[in-house]
Amino acid sequence: MNRGAEGAAHKRRNRRRGRVEIALFAGPALVVYLLFVMVPVGLAGYYGFFKWNGIGPLTDFVGLDNYVRALSDPVFIGAIGHNFFFVIASLLVQGPIAIGIALLLNRPMRGRSFFRVLVFVPYVLSEVIAGVAWLLLLQPSGPFDALLTSVGLGDAVQLWLGDPTIVLWTMLAVISWKYVGFAIILFLAGLQGVPEELAEAAQIDGASWWQIQRYITIPLLGPTIRIWAFLSIIGSLQLFDLVWIMTGGGPANATSTMATYMINFGFTRSQYGYGSAVAVILFIISFAIAIVYQRFVLRRDTEGALTRRVG
């Protein structure tokens, strides 16, 4: 009996100690998350029910009018469309480019480390520096136009940031240049987990390099690709910095995103209640897509990891 009581007491002490350890390690992070994520989201949702200029008390309650106004504004609907354009185009453009370069840089070659650093440099640059640099490069009669003219492509010169028909594609090119390096490094890290024995066995059986990549390497890189795609989707939905610096959402709202629209009304025009409603809509869209992606795309990876751990 004494041994049984001592064992039960020891288990209780271990459970209490485990709870204390969880509280000590997770508590600070949870407090920071609540203060800087959940509380601002809650306040934004509350402010969205008022017509408020950011000064004075909240007295002009308008209910859902701010949300109805946003969802009925063609400019905001267009901004949502631009965000989804960047979501789809980034996946279709950055993904194949990054996978191809990662496969090449994963092969033994001279100067491999230098090229890896080179492709990662644009991502390391801050969005402000990159945006200002490209803004200067793409000015009419600027360095980029001069380069095209010098190589005999003067007819290809355009108003890269001033023509509503091409400015969205210009921004896509800049965004891809900025963020493709992150995808490459992520894929290179994933390639380190691909067993070399599989490729060697396939090569012995007569498979070409392309067949090895297509049927062995890329499928095994699937979890890394899905994680990158998730990060790319969320980043494209919340896109702000480069667009705001280079175009401000123009010309004629041709590059406006949900974030630039929110800043334009919330801060520039001092319509904080309306801007808060837009922020809530942006949060709901991002959260809903994240949940759906987790449920239908990332679930196989998490369940597979749990199965391997239990096994």
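Here is a short chat between a student and a tutor about the predicted model above.

Tutor: Some ground rules: residues count from 1 along each chain as its sequence is written, and side-chain values use heavy atoms, leaving out hydrogens and water. In this predicted model, local features need pLDDT of at least 70 and side-chain atom pairs count only at pLDDT 80 or more, while totals for chains, interfaces and linings use all residues.

Student: Which side chains meet in a salt bridge?
Tutor: A salt bridge puts a side-chain nitrogen of Lys or Arg within 4 Å of a carboxyl oxygen of Asp or Glu. The structure holds 1 of them. Its N to O distance is 3.8 Å, and the pair is glutamate 127 and lysine 178.

Student: How many residues apart are glutamate 127 and lysine 178?
Tutor: Helices are DSSP runs (H or I, at least four residues), numbered from the N terminus. Glutamate 127 sits in helix 5 (residues 127-137) and lysine 178 in helix 7 (residues 167-191). The pair links distant parts of the chain, and the separation is 51 residues.

Student: Is lysine 178 buried or exposed?
Tutor: Buried means under 20% relative accessible area, exposed means over 50%, and partly exposed is in between (1.4 Å probe, protein chains only). Its partner glutamate 127 is at 22%, so it counts as partly exposed. Lysine 178 is at 1%, so the word for it is buried.

Student: Which helix gives the largest share of the largest nonpolar core?
Tutor: A nonpolar core is a set of buried Ala, Val, Leu, Ile, Met, Phe, Trp, Tyr and Cys residues joined through side-chain atoms within 4.5 Å. The largest one has 37 residues, and Phe76, Ile184 and Phe187 are among those with the most contacts inside it. Helix 3, helix 7 and helix 13 (272-310) are among the helices that each supply at least two residues. The largest share, 9 residues, comes from helix 13.

Student: Where is arginine 110?
Tutor: Arginine 110 has a relative accessible area of 82%, so it is exposed. From arginine 110 to leucine 137 is 32 Å, C-alpha to C-alpha, with their places 27 residues apart in sequence. As for its place, arginine 110 is in the loop between helix 3 (74-105) and helix 4 (112-124).

Student: What is valine 62 in contact with, leaving aside its neighbours within four places in sequence?
Tutor: Contact means heavy atoms within 4.5 Å. Valine 62 is in the loop between helix 1 (2-47) and helix 2. Its contacts are Phe49, Phe50 and Lys51.
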